Every structure is written in C-alpha cells, then in structure tokens.
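Biologist: I am new to this structure and would like to go through it slowly, one question at a time. Could you take me through the reasoning behind each answer?

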Amino acid sequence: MLNNPILANGVGYISTILDYDLDNATKLIERALTKSPYNAAYLDSMAYVEYKKGNYNSAAKYMAKSLELADFTIGCGVLFEHAGDIER
C-alpha cells in the first residue's frame with residue numbers, strides 16, 4: 001500500500017497517463033490529496049484522471065483549484081497542457 005502521498009500521486013498519475021486502471025489511479029490520487037489537499041500537482045492529477053474518465057465538470061473544478069494554488073515560479077507547463085485538454 002502506498003502511504004507516501006508523493007508515491008501515491010506518482011503511481012496514480014502514471015497509471016492515468018497510460019490509461020491503466022483509472023479507478024485505482026483515482027484511489028491513489030485521493031489518498032495523496034487526503035494527506036495534502038492543497039497540493040497543486042495532486043489536484044492536477046485528479047483533474048487529469050477525471051478528464052480521462054469522461055467526468056469533464058469534475059475535471060474542470062479540480063483544474064481550476066490546481067491553477068489557483070500553483071506556484072508559477074517553478075514552471076507549470078504540464079498544468080497548462082492538462083488545462084488545455086480539459087477545456088477543449
């Protein structure tokens with residue numbers, strides 16, 4: 001079991017990119033968000049898995065929160081990429 005939020009989010013995000021077991025990916029990302037609910041990267045991961053599952057309204061809500069909390073001084077290219085996918 002992945003109790004470390006960084007690992008849980010990472011595995012969930014990679015599963016999402018690979019379109020592999022999106023329900024489990026959601027659970028892993030939820031686990032990360034439970035430990036760190038204001039983490040822009042974790043919110044982005046949840047937005048992307050929701051998008052991949054066809055839950056576009058939910059994806060847009062998570063993405064908006066992710067962009068609101070993002071630290072743009074460290075670069076957020078992938079957030080903008082995902083935001084563009086979701087807004088299509």
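Biologist: Is Lys 52 buried, partly exposed or exposed?

Modeller: This is a predicted model, and the relative accessible area computed for Lys 52 is 27%. Buried would require a value under 20% and exposed one over 50%, so Lys 52, at 27%, is classed as partly exposed.

Biologist: With which residue does Lys 52 form a salt bridge?

Modeller: The closest N and O atoms of the pair are 3.3 Å apart, and the bridge links distant parts of the chain, since Lys 52 lies in helix α3 while its partner, 33 residues away, sits in the loop between α1 and α2. That partner is partly exposed, with a relative accessible area of 48%. The residue that forms the salt bridge with Lys 52 is Asp 19.

Biologist: Which residues are linked with Asp 23 in a network of salt bridges?

Modeller: Asp 23, in helix α2, is exposed, with a relative accessible area of 51%. One of the bridges joins the side chain of Asp 23 to that of Lys 53 at 3.6 Å, N to O, and this pair, 30 residues apart, links helix α2 with the loop between α3 and α4. The residues linked with Asp 23 in the network are Glu 50 and Lys 53.

Biologist: How are the buried residues of α2 arranged, seen down the axis of the helix?

Modeller: The buried residues of α2 are Leu 22, Ala 25, Thr 26, Leu 28, Ile 29, Ala 32 and Leu 33. They pack against α1, α3 and α4, whereas Asp 23, Lys 27, Thr 34 and Lys 35 are exposed on the other side of α2. Seen down the axis, the buried residues of α2 line one face of the helix, because they fall within an arc of 165°.

Biologist: Is Thr 16 in helix α1 buried or exposed?

Modeller: Leaving aside its neighbours within four places in sequence, Thr 16 is in contact with Leu 22, Ala 25, Ile 29, Tyr 48, Val 49 and Lys 52. The C-alpha atom of Thr 16 is separated by 9.3 Å from that of Met 46, 30 residues apart along the chain. With a relative accessible area of 0%, Thr 16 is buried.

Biologist: How much accessible area does the nonpolar patch on the surface have?

Modeller: The patch is formed by Ile 14, Ile 17, Leu 18 and Tyr 20. Among them, Leu 18 lies in the loop between α1 and α2 and counts as exposed at 59% relative accessibility. Together, the residues of the patch have an accessible area of about 450 Å².

How values were computed
Residues are numbered from 1 along each chain as its sequence is written. This is a predicted model: local features need pLDDT of at least 70, side-chain atom pairs count only at pLDDT 80 or more; totals for chains, interfaces and linings use all residues. Side-chain values use heavy atoms; hydrogens and water are left out. Patches are made of residues with over 30% relative accessible area and no salt bridge: like charges are joined within 9 Å, nonpolar side chains (Val, Leu, Ile, Met, Phe, Trp, Tyr) within 5 Å. Accessible areas come from the Shrake-Rupley method with a 1.4 Å probe; for residues, only the protein chains shown count as cover. A salt bridge is a side-chain nitrogen of Lys or Arg within 4 Å of a carboxyl oxygen of Asp or Glu. Helices (H or I, at least four residues) and strands (E, at least two) are DSSP runs, numbered from the N terminus. Buried means under 20% relative accessible area, exposed over 50%, partly exposed in between (1.4 Å probe, protein chains only). Contact means heavy atoms within 4.5 Å. The arc is that of the directions from the helix axis to the C-beta atoms.
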